[in-house]
Amino acid sequence: MESSAGSWRRLEDSERQETNSEPHAPPVNGQRAQWKNAVGFWILGLCNNFSYVVMLSAAHDILKQEQASGNQSHVEPGPTPLPHNSSSRFDCNSISTAAVLLADILPTLIIKLLAPLGLHLLPYSPRVLVSGVCSAGSFILVAFSHSVGLSLCGVVLASISSGLGEVTFLSLTAFYPSAVISWWSSGTGGAGLLGSLSYLGLTQAGLSPQHTLLSMLGIPILLLASYFLLLTSPEAQDPGGEDEAETAARQPLIGAETPESNPGSSWDLSFQERWTVFKGLLRYITPLVLVYFAEYFINQGLFELLYFRNTSLSHAEQYRWYQMLYQAGVFVSRSSLNCCRIRFTWVLALLQCLNLAFLLADVCLSFLPNIYLIFVIILYEGFLGGAAYVNTFHNIALETNDKHREFAMEAACISDTLGISMSGVLALPLHDFLCRLP
């Protein structure tokens, strides 16, 4: 009897162990997939924006070629002495860095304007391939360019890569848990910091801008590897998660009268439905447009005019430091979603516009005594911009239902690009006007 009872106890124990172990197996696999997707979207954000950031960091060096080309038959986009307008206190290039900004943003704007109309007809994989090829082409073309015009063509390729990639990957987040938006945003912030820091560090170490650009050709390869090898299949995803309660408590952008369906049916929306979704997005799109208008007016319109002669840094080095500090602020704030969430993003737009007014006043009146105060202000500027970006897309993800989310994310992509384009157009005449002043 004892041996029989012992046998029953062992059998019950083994069955209990099997019962307890079975429910735990899927979560382990699910958790592994979640981490793969999180890391995958972080790397995609990093690689997608990397070439765009590097081109803006190299803007001052790219524009050196125009003055140097008249004296040299072969001009490398290297650290040659910068000719400047000696009659102006701003040490101006003949072309504003806003020209590089426009070349770096207008193709992106066109892509984002056209994307909601028919980009969904092209599968995701070919889009990613085109993005990677354009990114690699931009580094090669600018590195071997002998003229500003050809360099700007390379910048255009970087813009196509970044714009197509952003539309593609933000749309792709609709098929994954909403947490990947935070990872994507953090990756794009990391691209800003690592891109500007790597360009600054390598050129400061004595590497020519040409070799610096060529050293970055591994970035497009990493982007393709992350998409094709690291991300798990969207069909295996469970869109629910830690944000489920918060999502339920938020007012949808579209009322419940429109039937919900899976994210894959987003492109079955009628024109009227899309227009209704877009109108609901305006309360988030408008503040983000203003934030990016103000910060890129500062970055590409005022950075090169915020020139301090009472420092050991050259004009080109000051510009690179400005870009790096701005991107550091963006990286920190885009990675802060789990610590701080902001629903009313119009506050960030107001603060950024005040930032623009203050720095524009300093350009005209020169009342700040040293460059270190500018460093602090630029870091703060980056904090505001990064926080506006990540919170805007997080709010949109929470306030749209499954059927509309893919379209909403893709349509909202235009916000930052529109603001940046407007700033570039207005920064060009400002540069010309101020550089004529004695």
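**Isoleucine 105, helix H5 and the enclosed spaces of the model**

Isoleucine 105 is buried, since its relative accessible area is 3%, which falls under the 20% limit used for that term. The structure described here is a predicted model, and within it isoleucine 105 belongs to helix H3, which runs over residues 98–118. Contacts of isoleucine 105, with residues up to four places away in sequence left out of the count, are made with Tyr52, Ser159, Thr417, Ile420 and Ser421. Isoleucine 105 is also separated from valine 156 by 51 residues in sequence, while the distance between the two C-alpha atoms is 7.9 Å.

Helix H5 comprises the 25 residues 148–172, and at 1.5 Å a residue this helix should span 36 Å; because the C-alpha atoms at its two ends lie 36 Å apart, the expected and computed values agree. Helix H5 is, moreover, mostly covered, with 18 of its 25 residues buried.

A search for enclosed spaces gave one cavity of 30 Å³ or more, and the volume of this largest cavity is about 210 Å³. Its lining consists of 20 residues, among which Asn49, Tyr52, Tyr296, Arg334 and Asp416 lie nearest the centre. Two or more lining residues are given to the largest cavity by each of helix H1 (2–57), H3, H5, helix H6 (179–204), H10, helix H11 (315–334) and helix H15 (414–435). Of the elements that contribute, H11 provides the largest share of this lining, with four residues. When the lining of the largest cavity is divided by class, nine residues are nonpolar, seven are polar and four are charged. Tyr52, listed among the residues nearest the centre of the cavity, is also one of the residues touched by isoleucine 105.

Among the open spaces, the second largest pocket has a volume of about 260 Å³. The residues that line this pocket are Lys112, Leu113, Pro116, Leu117, Phe271, Arg274, Trp275, Phe278, Phe407, Ala411 and Ile414. At least two residues of the lining are supplied by each of H3, helix H10 (271–302) and helix H14 (402–412). In the second largest pocket, the lining is made up of nine nonpolar and two charged residues, with no polar residue, whereas the lining of the largest cavity includes seven polar residues. Helix H3, in which isoleucine 105 lies, thus appears among the elements that line the second largest pocket and among those that line the largest cavity.

Technical notes:
Residues are numbered from 1 along each chain as its sequence is written. This is a predicted model: local features need pLDDT of at least 70, side-chain atom pairs count only at pLDDT 80 or more; totals for chains, interfaces and linings use all residues. Side-chain values use heavy atoms; hydrogens and water are left out. The expected span of a helix is 1.5 Å times one less than its number of residues. Buried means under 20% relative accessible area, exposed over 50%, partly exposed in between (1.4 Å probe, protein chains only). Contact means heavy atoms within 4.5 Å. On a 1 Å grid over the protein atoms alone, a cavity is a set of points where a 1.4 Å probe fits but cannot get out, and a pocket is an open set with protein on both sides within 12 Å along at least five of seven lines; lining residues have an atom within 4 Å of a point. Grid points are joined across faces, edges and corners, and a volume is the space filled by probe spheres set on the points. Ala, Val, Leu, Ile, Met, Phe, Trp, Tyr, Cys and Pro count as nonpolar, Asp, Glu, Lys and Arg as charged, and the others, Gly among them, as polar.
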